[in-house]
Amino acid sequence: MLSEEQMQKRITTGCDDLDTILGGGIHCKEVTEVGGVPGIGKTQLGIQLAVNVQIPVEYGGLGGKAVYIDTEGSFMVERAYQVAEGCIMDTLDKFGHHRKVILDCQEQMQPNSFLANIFYFRICSYTEQIAVINYLQKFLAEQKDVKIIIIDSVTFHFRQDFDDLALRTRVLCGMSLKLMELTKTYNLAVVLLNQVTTKFTEGSFQLTLALGDSWSHACTNRVILYWNGNERHAYIDKSPSLRSASAPFSVTSKGIRNATSQCKRVRMM
Amino acid sequence: MLDPHPTSFLSQRRLENGKDAMVPIKPESPLNLPTQKLSLGCPVLDRLVRGGLPVGSVTELAGESGTGKSQICLQLLLAALRPPSLGGLSAASLYIHSEFPFPLRRLRRLLTPFAPSSVVPTPLDHIFVRPAHSPDDLLSLLTAVDALLARPPSALPVRLLVVDSIAALFRSEFDNTPADLKRRSSLFFKIAAKLKEQARRFEAVVVVTNQVVDVVGGSESYGSSGNAIRVGNYGSLWSSGRRVCPALGLSWANCINTRIFLSRSDDIVRNERALVDEESDDRVHGTVVRTRRKMEMVFAPHLPEASCEFVIVSEGVFGVEAQRA
């Protein structure tokens, strides 16, 4: 039985500043689109959320499971393992647990258990993408623990030539409506990672989200990840409730974390 | 099609128990995903990429001419033949080339150190070479390749696919008009989707080489003009003293999983004891040009920012340990 408080819980991103501009973290019952250039950290954030949704309730999390729909082959198990390990270590650290307690958590707080709680789908075409989303309707009715669906990335398979562009728009809109339905019906979060493209507007090239015209109305919130000098930043591009604000974050060996004044660099040994 | 019955689901093609099969869509556990990697043929370089290039993924090698892209590809063709215990895949390879001719001589030269410890008596029998002259050529080739991947002609499965280079395919066919750029971009996604599908279906490593172009105008900030939009770990990439960026723009960058940048710089080293060149007017006597080569991780979903110096010798491409001060 979910308490009211639990129903309003947010999924932490691992970075305090990023959580703050998101109003505490990623919201359930909402669709959040996250866009950015290659290498900025979209997949990193996706994996982080698939892990963080699993933080047990007793440690301030949702104790849920994740669905990860990988359309590009960016999900790397070894990275997910690192991120799970980092999350577990930092969570136990935060709660000031002694070593004995950590050993007692043997079963639950192990990176492999976290990996096992991610329902992974690898899809290779837009038809498979639609099929999986339709499949989820039945799947989620049986797997009530799923609290987040991540699609990485949502537009890749739609950026090829479509003979019928009107069809593409209909399919995208249908898909986003279905996802919105799922968030409400099952009280979960949907995070759509998206690529960016350049558009020549008002005399210069602007970065915009791919296929934005087709379906920009379908997401509740839109977050853009970008480079500010040598630091990664995120800003709220669109939201009914969140203020337009930006926050720095970093990608470390443990995953998404607060920005550091000195960016973490790993040199070849 | 738009809204099939909720309980029906499409099948997808996947490798099940080593065989290419149609299976109903169902979730997988990350614990069961393939994690094999193909060694680059050198332990120092392998450390840079944490073991090697991953299967099921598209890795790009970008760099100007003469930085070692094709050489590394040849090295990978041979590495693939080695067993997993030696960092290989026990697999055959397909090398699709758009630059001519295929460097057979260089490949043969690499075979000499390879042969004694090789598990395969005739390595060249397991390397399939196909030419491609245009993007449409490549697409029809990849479609035909499905059959090759499903039923390999040699005893070994094909698990390395190299496209050398993607940039050469798009060199002449497209103008700089918005319509042509859009058409070109659509082809990138079509080609990449096909490559990724095959990487996944056959648990193969896909390597694509790319050229670089000079960076023009603009700054690195969001929304600037020119082609200087920052992609990846480095604000700027340099080679031969020029600021460059991988060709084919932001669109293509969205199509690959990992980008590795190869660069070279020619350092002039003063050598007091060298002979004076009486023929030249050059007042700077006794100089030697030393080529320094660097491999940098521009972006990868599983690798941090890192770089490594390397050399190209007749035996192949080898990483150089960083000198400690």
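Which residue, with a positive phi, follows H8(A)? In this predicted model, that residue is Asn187(A), whose phi lies near 50°.

The helix that precedes Asn187(A) can be described from its other end. At the N-terminal end of H8(A), Asp164(A) acts as a cap, with a side-chain oxygen 3.2 Å from the backbone nitrogen of Ala166(A). Helix H8 of chain A comprises 22 residues, from 165 to 186. At 1.5 Å a residue these should span 32 Å, and the end C-alpha atoms are indeed 32 Å apart, so the expected and modelled spans agree. The buried residues of H8(A) include the nonpolar side chains of Val171(A), Leu172(A), Cys173(A), Met175(A), Leu179(A) and Leu182(A). Arg168(A), Ser176(A), Lys178(A) and Thr183(A) are buried as well.

One of these buried residues, Met175(A), is touched by Gln129(A). Gln129(A) belongs to helix H7 of chain A, residues 126-142. Its relative accessibility is 1%, and because buried means under 20%, Gln129(A) counts as buried. Beyond residues up to four places away in sequence, Gln129(A) also touches Thr71(A), Ile123(A), Ile151(A), Val154(A), His157(A) and Phe158(A). Thr91(A), by contrast, lies 38 residues from Gln129(A) in sequence and 34 Å from it in space, C-alpha to C-alpha.

Empty space within the model remains to be considered. The whole structure holds 2 cavities of 30 Å³ or more, and the second largest contains about 30 Å³ of space. Its lining is formed by Leu18(A), Leu22(A), Ile26(A), Val34(A), Leu45(A), Val223(A) and Leu225(A). These lining residues divide into 7 nonpolar, no polar and no charged.

Methods: Residues numbered from 1 in each chain as written. Chains lettered and ligands numbered in written order. Predicted model: local features only at pLDDT ≥ 70, side-chain atom pairs only at ≥ 80, totals over all residues. Heavy atoms only, no water. 1 Å grid on protein atoms, 1.4 Å probe; cavity = no way out; pocket = protein on both sides within 12 Å on 5 of 7 lines; lining within 4 Å. Points joined across faces, edges and corners; volume = space filled by probe spheres on them. Helix = DSSP H or I, 4+ residues; strand = E, 2+ residues; numbered from the N terminus. Expected span 1.5 Å × (residues − 1). Buried < 20%, exposed > 50% of the residue type's maximum accessible area, 1.4 Å probe, protein only. Polar contact = N/O pair within 3.5 Å; in protein donor to acceptor, adjacent residues only side chain to side chain. Contact = heavy atoms within 4.5 Å.
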